[in-house]
Amino acid sequence: MENAVVHIPNLSLGNTQSVANMIKRVGGEVIIAMTPEDLSSAKKIILPGVGAFDEGMNELRDQGWIDVLNKLVLEKKVPILGICLGMQFFFEGSEEGELPGLSWISGRLKRFVSTHEDPIKIPHMGWNALNVYRRESIIPEMEEELRYYFVHSYHAICGDVDDLVATAHHGSDITAAVQRNNIYGVQFHPEKSHTFGMALLKNFLSVKC
Amino acid sequence: MLRHRVIPALLLKNGGLYKTFKFDKPKYVGDPINAIRIFNTKQVDELMVIDIDASRSQKEPNYSLIEQFAGECFMPLCYGGGIKTVEQASRIFKLGVEKVCLQTAVLDNTKLVKDLADRFGSQSVVISVDVKKDWLQRPKLYKASTGQSHSKNWLDFIKEVVDAGAGEVLLNSVDRDGTLQGADLNLISQASAEISAPLIALGGIGSLKDIKDAINSGASAVAAGAFFVFHGPHRAVLITYPEYKELEKLLKD
């Protein structure tokens with residue numbers, strides 16, 4: 001199945017191994033792209049990420065990933081899935097840093113705020129249910145209520161509400177999943193979300209290239 | 001809504017899975033990989049694996065075993081035991097582990113907490129705080145690697161590590177360990193009142209009600225060992241975990 005071969009850029013800030021483990025578990029094949037050149041033949045890409053926004057964008061820029069990603073994703077329409085910080089890069093920027101994001105999806109990241117009236121723990125860490133707005137995306141349909149593992153302190157505010165696929169509630173309704181054409185993003189960690197994550201990654205593997 | 005996490009905490013010793021009683025009398029309960037597979041199929045919220053031998057005998061973390069654990073865990077995994085440097089933590093994260101848990105190396109040097117948080121983010125740094133009552137029933141900070149109490153005030157130490165960047169505190173009551181008698185709710189409420197970071201309560205959990213009580217006392221998450229590996233009055237080894245629906249009902253506000 002050609003569809004099921006996924007390239008993952010080898011970034012220092014990723015939990016690459018967890019994602020690779022899960023992709024293999026659901027029948028996919030993983031190629032770790034050590035350099036931007038290795039990525040050029042990709043038919044499908046996953047961009048994981050854990051860490052700080054500017055540090056990540058610096059690494060993408062300094063190692064020359066941005067040009068090749070722009071070309072593959074915007075021109076060749078290669079399906080890409082951003083996970084956590086990987087998804088946050090798709091936006092225009094973040095309160096966490098000063099650097100611009102990839103700007104493929106309109107909107108910015110805001111920090112969670114805990115107020116006296118509505119105190120919340122930051123980061124948003126743990127299992128949360130989804131409220132799904134767009135059924136046709138890669139979010140699976142399952143008998144049990146969907147739940148995913150989240151760990152983040154910044155959340156995306158979509159500039160275009162049509163990009164919003166699902167929300168979760170933590171203090172307020174926050175962006176949990178987005179999609180714009182071939183660009184998919186999830187704030188949570190499907191690679192650490194049991195059968196719920198497996199079903200989602202399977203759906204991404206079966207997206208037509 | 002975000003649900004409070006319920007976390008099996010597994011203890012490792014020489015590559016086997018053990019359960020202690022008041023930090024003593026380790027009892028062999030089986031093969032860790034097998035246990036992790038069972039917890040995986042039971043869809044546990046998260047898993048902690050602590051090597052109780054590594055710091056005590058000044059050993060390196062068992063990387064090949066940790067790699068096997070990570071390959072089996074389709075839920076977040078926290079590893080603790082024998083981590084003394086940023087390089088060791090980095091190696092463990094690369095194996096596919098989400099969080100590291102430290103105690104021995106940071107008791108006298110919280111700069112390591114800051115270095116880890118700066119490099120990997122606070123969300124990946126858990127500090128384990130063991131507390132044992134003295135003969136006057138005063139809670140004292142306890143150093144698990146030597147089995148002695150530590151001169152620092154336990155609450156001051158918790159505040160210190162959170163200020164240094166710890167994303168979570170694992171508060172373990174030594175006196176309740178393995179007893180299944182319920183958590184030390186006083187310790188939990190005192191600690192959670194002092195910090196904004198999530199508190200994971202460990203030690204003494206023996207029932208679903210104990211989990212609920214710990215949450216009501218301020219814990220963000222509850223971890224347990226004996227409750228998930230022993231069954232019945234004779235402590236037969238049986239790996240269990242409550243059904244999701246049961247936990248959902250229990251922990252609804």
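## Two helix pairs and an annotated site

In chain A, three residues of helix α1, namely A:M22, A:I23 and A:R25, touch A:H194, A:G197, A:M198, A:L201 and A:L205 of helix α6. Sort that contact by class and you get five nonpolar residues, two polar ones and one charged. Keep in mind that this is a predicted model.

How do the two helices sit relative to each other? Their axes cross at roughly 75°. Angles of 65 to 115 degrees count as roughly perpendicular, and α1(A) and α6(A) are therefore roughly perpendicular to each other.

Chain B has a helix pair too, so to speak: here are both pairs side by side.

| Helix pair | Residues | Angle | Axes |
|---|---|---|---|
| α1(A) and α6(A) | 16–25 and 194–205 | roughly 75° | within 9 Å |
| α1(B) and α2(B) | 32–41 and 63–72 | about 20° | 9 Å apart |

With an angle under 35 degrees counting as roughly parallel, α1(B) and α2(B) are therefore roughly parallel to each other. Their crossing is right-handed. On the α1(B) side, the contact involves B:P32, B:I33, B:I36, B:R37 and B:N40, and these meet B:Q68, B:F69 and B:E72 of α2(B). That contact has four nonpolar, two polar and two charged residues.

Now back to chain A. Which residues does the UniProt "active site" annotation cover? The unreviewed entry lists A:C84, A:H189 and A:E191. They're spread over 108 residues of sequence, yet they cluster in space, with a largest C-alpha distance of 10.9 Å. From this set, A:C84 and A:H189 are part of the lining of the largest pocket. As for A:C84, look for it in the loop between β4 (80–83) and α5 (85–88) of chain A.

Technical notes. Residues are numbered from 1 along each chain as its sequence is written. Chains are lettered from A and ligands numbered from 1 in the order in which they are written. This is a predicted model: local features need pLDDT of at least 70, side-chain atom pairs count only at pLDDT 80 or more; totals for chains, interfaces and linings use all residues. Side-chain values use heavy atoms; hydrogens and water are left out. Axes are lines fitted to C-alpha atoms, for helices over the stretch in contact, and angles run from 0 to 180 degrees between N-to-C directions. Helices (H or I, at least four residues) and strands (E, at least two) are DSSP runs, numbered from the N terminus. Angles under 35 degrees count as roughly parallel, over 145 as roughly antiparallel, 65 to 115 as roughly perpendicular and the rest as oblique. A crossing is left-handed if the near helix is turned anticlockwise from the far one by less than a right angle, and right-handed if clockwise. Contact means heavy atoms within 4.5 Å. Ala, Val, Leu, Ile, Met, Phe, Trp, Tyr, Cys and Pro count as nonpolar, Asp, Glu, Lys and Arg as charged, and the others, Gly among them, as polar. UniProt positions are given in the numbering used here, feature names are shortened, and annotations may be inferred rather than shown by experiment. On a 1 Å grid over the protein atoms alone, a cavity is a set of points where a 1.4 Å probe fits but cannot get out, and a pocket is an open set with protein on both sides within 12 Å along at least five of seven lines; lining residues have an atom within 4 Å of a point.
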